[in-house]
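Visitor: Before we begin, could you put the model on the screen so that we can go through it together?

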Amino acid sequence: HVSSILTDLLTLSLILTDLLNLSLMFTELLNLSLILTELLKLSLIDTELLKLSLILTELLKLSLIDTELLKLSLILTELLKLSLMLTELLKLSLIHTELLMLSLILTELLKLSLIATELLKITLMRTKMLKLTILHLNITKPSIISPVTSQQ
């Protein structure tokens with residue numbers, strides 16, 4: 001009987017886990033729905049901007065009153081602000097590109113530094129070989145010269 005209860009509890013726990021997973025999925029779907037809602041709002045804003053642009057054209061064609069022209073001027077100001085923002089974003093993008101280029105140059109400099117280090121290692125090895133050669137010559141040279149110096 002206890003085993004049956006434990007089995008039932010485990011089954012309920014699995015069901016609860018599945019429900020929690022479904023709840024998480026539902027939460028993700030809600031998040032996606034919120035994102036979609038924001039995208040739709042942006043689309044509506046874009047549509048409204050297009051409508052306002054058409055209204056501006058009509059207002060200019062019909063020569064409406066100054067109040068309408070002032071409203072359109074405010075809209076134009078907002079568009080100019082957005083344009084300035086876009087310009088700033090483009091500047092930042094250019095700066096980012098320059099930083100990437102500098103990073104590539106730095107990488108090349110590091111490669112050259114590694115090559116220079118390897119060349120220094122080779123030079124050190126050659127210096128050690130020359131020292132060994134000189135030592136070897138100094139060791140063998142006195143035996144050749146020693147009989148001559150002993151005769152003098």
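Visitor: Is Glu108 buried, partly exposed or exposed, and with what relative accessible area?
Guide: This is a predicted model, and the answer rests on two cut-offs, since buried means under 20% relative accessible area and exposed means over 50%. Glu108 falls in between and is therefore partly exposed, with a relative accessible area of 44%.

Visitor: With which residue does Glu108 form a salt bridge?
Guide: The partner lies in helix H2, as Glu108 does, and the two are 3 residues apart, about one turn of the helix. The closest N and O atoms of the pair are 3.4 Å apart, and a salt bridge requires such a distance to be within 4 Å. The partner, which is partly exposed with a relative accessible area of 43%, is Lys111.

Visitor: Which residue forms a salt bridge with Lys121?
Guide: Lys121 counts as partly exposed at 44% relative accessibility, and its partner is partly exposed with a relative accessible area of 43%. Both residues lie in helix H2, 3 residues apart. The closest N and O atoms are 3.4 Å apart, and the partner is Glu118.

Visitor: What is the N to O distance in the salt bridge between Glu78 and Lys81?
Guide: Both residues lie in helix H2, which covers residues 66–151, and they are about one turn of the helix apart. Glu78 counts as partly exposed at 44% relative accessibility, and for Lys81 the value is 44%. Their side chains meet at an N to O distance of 3.4 Å.

Key: Residues numbered from 1 in each chain as written. Predicted model: local features only at pLDDT ≥ 70, side-chain atom pairs only at ≥ 80, totals over all residues. Heavy atoms only, no water. Helix = DSSP H or I, 4+ residues; strand = E, 2+ residues; numbered from the N terminus. Buried < 20%, exposed > 50% of the residue type's maximum accessible area, 1.4 Å probe, protein only.
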